[in-house]
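Visitor: Hello! I would like a close look at a single part of this model, taken slowly and with the cut-offs spelled out.

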Amino acid sequence: MNSVELISSFSDFAREKNIDKPTMIAVLEEVFRTMIRKKFGADENFNVIINAESGDLEMWRSREIVDDNSEDIWDFDKIPLSEAKLIEPDFEIGEEVAELVRLEDFGRRVVQTARQTLIQKIKDIEKEGLYEKYKDLVGELVTSEVYQILGRELILLDSEDNELVLPKTEMISKDRFKKGETIKAIIHKVEMANGTPRIILSRVSPVFLERLFEQEIPEIYDGTITIRKIVREPGERAKVAVESFDDRIDPVGACVGMKGSRIHGIVRELQNENIDVINFTDNLELLVARTLSPAKLNSMAIDKERRRISVYLNSDQVSMAIGRGGQNIKLAGKLVGYEIDVFRDVPKDELDDEDVELTEFSNEIEAWILDELHKIGLDTAKQVLALSKEELERRTELEEGTIDEILAVLRSEFE
């Protein structure tokens, strides 16, 4: 393979990979200089001239002529007079000899190795470019096509046929995709694994929901309305606190749209995730009330030191505030940044004289277990005993054995 064939084939490959001309020439020169160093020990006295368009390559070796008996004859940039005269009989000591080094002088095997090295270097540059491109896009929304469905992840292709990865852990539990379908997700993170960029997407991140809001709601995109905080149970429920910088605009109404027209598309994209849009306020009590709406609160007590809030509601409002599996109360707590405990407000004429407050069992039941029961609105022994073991297991984070022990302690009180 001569220099024209080598450089032309490499140039075509580099253009396919969208590598710019200066980078391509720099890679070519570096590979040729590596060949020179291996053959001659140094490349400082070599001049490499490349024309990527024509495929022309010239490598010139420059050396100073010294006397045959000089101690310098072994230096890489010196040549004995007798050797110089073989090139040109008129040469004299002190003059400079410039020799043309041909690619063929390196041998066929070295040239083939150089070709493989060139291709590998371009692939490495392409990988590095892909990493740099997507590293700067972390948090941005992308649309890509399902290319391959694997056990633990989906392989997707972007518009330039670059591979992206959507792990099952970053998918909404109800997500079901087929090959060829397009998927919206955000760039979650970009890693380098063994020199290859791994671009990981996410559909469960709160940032994904934020980007969907920006896409669907012009007032958020142009900054008239800002998203203060998002908390999610992906595919189940989300709470989005929004604030308007224009007093004439209702931020909640603008996000929801007429009859839910604006938010419907977001809900469908999130596999029917329930989205509560809340008007943000710096007034903590008002924010808690809005976050737990439509449940109506009677009162609340805020412990800023322990970052806990106790809310008191009528019995018929408790389940609404807590939500299925305690989901609503957990998200509300995350949104306001406080742990929220729910308590029933029982009118005095409805109090059971024989009932016992759960706090009375603090010597027999650990405090964290009592807290779990309080979180779901259970304040007395009879309220706990009124629920089945299965219901308690579903609504709390307590294990079956722990619930059996609690029920045994409470029943013994009334026996």
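Which residues have the most contacts inside the largest nonpolar core?

Guide: Happy to help! This is a predicted model, where local features need pLDDT of at least 70 and side-chain atom pairs count only at pLDDT 80 or more, while totals for chains, interfaces and linings use all residues. Residues are numbered from 1 along each chain as its sequence is written, and side-chain values use heavy atoms, with hydrogens and water left out.

Val288 and Val311 have the most contacts inside the largest nonpolar core, which has 42 residues. Such a core is a set of buried Ala, Val, Leu, Ile, Met, Phe, Trp, Tyr and Cys residues joined through side-chain atoms within 4.5 Å; buried means under 20% relative accessible area, exposed over 50%, and partly exposed in between (1.4 Å probe, protein chains only). Among the elements that give two or more residues to this core are α9 (284-292), β14 (308-313), β15 (339-344) and α15 (400-414). Helices (H or I, at least four residues) and strands (E, at least two) are DSSP runs, numbered from the N terminus.

Leaving aside residues up to four places away in sequence, Val311 touches Val288, Leu292, Leu297, Ser299, Met300, Ile340, Asp341, Val342 and Phe343, where contact means heavy atoms within 4.5 Å. Another core, of 23 residues, lies apart from the one just described and includes Leu209, Val242, Ala254 and Ile263.

The loop between α9 and β13 (299-303) holds Pro294, and the peptide bond from Ser293 to Pro294 is cis, with omega near 15°.
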